[in-house]
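Subject: Handover of a structure, with notes

Dear colleague,

I am passing on a structure that you have not worked with before, and my notes on what was found in it follow below. Please have it open beside this message as you read.

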Amino acid sequence: MSGASRRPSRAGAALLAVLLVLLTSCAQIPRSGPVGKSTDESAGNPNNAPVFFPSAPREGAAPEAVIEDFYLAGSGYEDDYAVARQYLTQASSVTWKPDQRVLVFRSARVVPTGVENVFNYELDVSYSVDADGVATRLPERTKENIPAALTQVDGEWRIAELPDGTAIPEETFKVIYGAYPIYFYDPTFTYAVPDVRWFIKKKTVKAMTSALLGGPAPYLKGAVVSAFPSGIKLARESVPVVSGAAQVDLTAKDLVEASNEDRLRMQTQLSLTFRSQPDVINVELRANQGLVRVEDNGSVLPPIRDKNVPAHQIAVSNGDLVRYENNRISPLPGIQPVSALAPRAPAESPVSPAVAFLNADRGTLYSIVPDQPARALTTRATLTRPSFDRYDWVWTAGPGASGATEMIAHRPVGVAEGASVPAVTLAPAWLAGRSVKEFRVSREGTRALIFTEQNGRTKVQVTGIVRAADGTPKDLTVPMTLLASSDPDQGVWVDDSTIAVMKGSPSESVTPELLSLTSSEPQQLTPWPGLTALSAGNGVEEIYAQSAEGIFQRLGSGWTPQLKGPIHPSYPG
């Protein structure tokens, strides 16, 4: 296809993108034809669900135009993509499964393959979304080719062969799709863990339910659990919302044979998942469309969502460990002085008085508990600042004997003076060739924020922590990647789905960013000169940063000065 013949299509796509952005607050997104409203009762908020009405095939359109128009029509999900199917032969229209995958692209063009009537739809892909709504962010300039073979039907070109799935411009995708957390449990059923998925805004309740029954995203498998047994399915292909009640009709045998405790956890898991759906007030479990009784007899406590950390921080002041709270410093309760060890980058357990820190050259990790002196846990060429989890394991990372990166966790609590401290060393295959710059365990203990570097490029990722029944770490899952504007070198959890990151510099202005699991775009905070360290408590108003001028707290759109003197402040965890 010539460059001249493609210009009108690219211009039309650009105009479409502008229209989509301008119309994000509307109930529907017109491209051509009549405009309507969503009325699907299984939608959580159907009257506000955007609807895209694409154009039908144009008479006499060339093969390249048919391919471009077909993928534009793939944004029109109404009536099971009825318009898009008009671009296909009868056979391929029956077999094509558009919901299997969505490729979200920055730009696209049709490229001949050299085989007659076979073309590639060449995409610059920003991320892909699988059938369960799991999104994978992809690096810039990631290319993917979608092959399409065409044939003539009654004198018009139609697509005869193509892979399942759709491809959608990034601007269109942001309007039609939304990010929604579905919830799983930590292995003790104490905490609710968000697993963010991307769904068409009109089909959220049913899509959420199917995704929940399908289990956690790959990076959470083994780290979280579900109340739903493996293999349980929806008994009908809809989840109607009737008078505020989401009617979840499940395979009868699995539901009826479950204990009341398990059914209550299922119902709770669904209720948490539907929190984002304003039309859903409560959840009804059903088998063969008959209501299944669920008794809340107090035997199951509701899980804690978005676990808080204690309100104080640990810091270093005048060469020793101190408590930093309400803009004041005080001695650390029960902890002996450690100034002789030149402590740096301290961490405090969120569940016990245990403390850990590095020495001045950041090569040795120490721990200290009340009524005992500090003890060295490990020495490496270099170590990341420590992070405690809620099982009292303290984590760090550094090179092993071979030089390869290792994750090291110690549990210094409950160990007699002079006795060996339980330790675990992990070297997951996906870390090969990478160095770790930061590792911060999430508040509920099932996930960790990890910064890795290879060839001067940093990845910001979230990995799942797989544990034994007693909480001992066993493995780290292949992580999910988040996108930041720069190459940050540090980060902290702000809440269960938000992370603050930055690339520190003592001599330049630094712009911290908020990365949200529910957003594809980072949010930049107000720049500030010379920021070198970050900490965060409970929410975006409890973000602290440090420079040579002291500690600063985020306030509104700016930063307000706090105490000068303490360094390396850190909330428990």
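In which loop does Arg-362 lie? Arg-362 is found in the loop between strand 19 (355-358) and strand 20 (364-368), and I begin there with a detail of the backbone, bearing in mind throughout that this is a predicted model. Although Arg-362 is a residue other than glycine, its phi is positive, near 60 degrees, and with a relative accessibility of 31% Arg-362 counts as partly exposed.

A similar note applies to Asn-288, which is not a glycine and yet has a positive phi of about 50 degrees. Asn-288 sits in the loop between strand 12 (282-287) and strand 13 (290-291), and its relative accessible area of 63% makes Asn-288 exposed.

Turning to the chain as a whole, you will find eight helices and 41 strands in it. The radius of gyration is 27 Å, which is close to the 25 Å that the globule rule gives for 573 residues, so the chain is as compact as a globular protein of that length. Along the principal axes, the C-alpha atoms fill a box of roughly 85 × 60 × 45 Å. Of the 573 residues, 55% count as buried, and among the contacts with a separation of 6 or more, 53% are made by residues that lie 24 or more positions apart.

As for the surface, the chain exposes about 24,100 Å², of which carbon and sulfur atoms supply 49%. The chain carries 53 positive and 60 negative charges, and the mean positions of these two sets are 2 Å apart.

The interior deserves a slower look, and helix 6 is a useful place to start. Helix 6 covers residues 204-214 and is mostly covered itself, since eight of its eleven residues are buried under the 20% cut-off for relative accessible area. Those buried residues are Thr-204, Val-205, Ala-207, Met-208, Thr-209, Ala-211, Leu-212 and Leu-213. They pack against strand 8 (177-185), strand 9 (191-200), strand 10 (241-242) and strand 11 (245-250), as well as against helix 8 (260-273). Just after helix 6 comes Gly-215, which takes a positive phi of about 100 degrees.

The largest nonpolar core has 51 residues, and those with the most contacts inside it are Val-248, Leu-250, Phe-274 and Leu-285. Helix 6 gives the most to this core, with six residues. If residues up to four places away in sequence are left aside, Phe-274 touches Val-205, Met-208, Thr-209, Ala-246, Val-248, Val-280 and Val-283; Val-205, Met-208 and Thr-209 are among the buried residues of helix 6. There is also a second, separate core of 41 residues, which includes Tyr-87, Val-104, Ile-168 and Tyr-177.

One last site is Ala-429, in the loop between strand 25 (423-426) and strand 26 (435-441). Is Ala-429 buried or exposed? At 70% relative accessibility, Ala-429 counts as exposed. Ala-429 and Thr-477 are 48 residues apart in sequence, while their C-alpha atoms are 9.7 Å apart in space.

With kind regards

Technical notes:
Residues numbered from 1 in each chain as written. Predicted model: local features only at pLDDT ≥ 70, side-chain atom pairs only at ≥ 80, totals over all residues. Heavy atoms only, no water. Helix = DSSP H or I, 4+ residues; strand = E, 2+ residues; numbered from the N terminus. Rg over C-alpha atoms; globule rule 2.2 N^0.38 Å. Buried < 20%, exposed > 50% of the residue type's maximum accessible area, 1.4 Å probe, protein only. Contact = heavy atoms within 4.5 Å. Areas by Shrake-Rupley, 256 points an atom, 1.4 Å probe, with all protein chains shown as cover. Lys, Arg positive; Asp, Glu negative; His and termini not counted. Charge placed at Lys NZ, Arg CZ, Asp CG, Glu CD. Core = buried A, V, L, I, M, F, W, Y, C linked by side-chain atoms within 4.5 Å.
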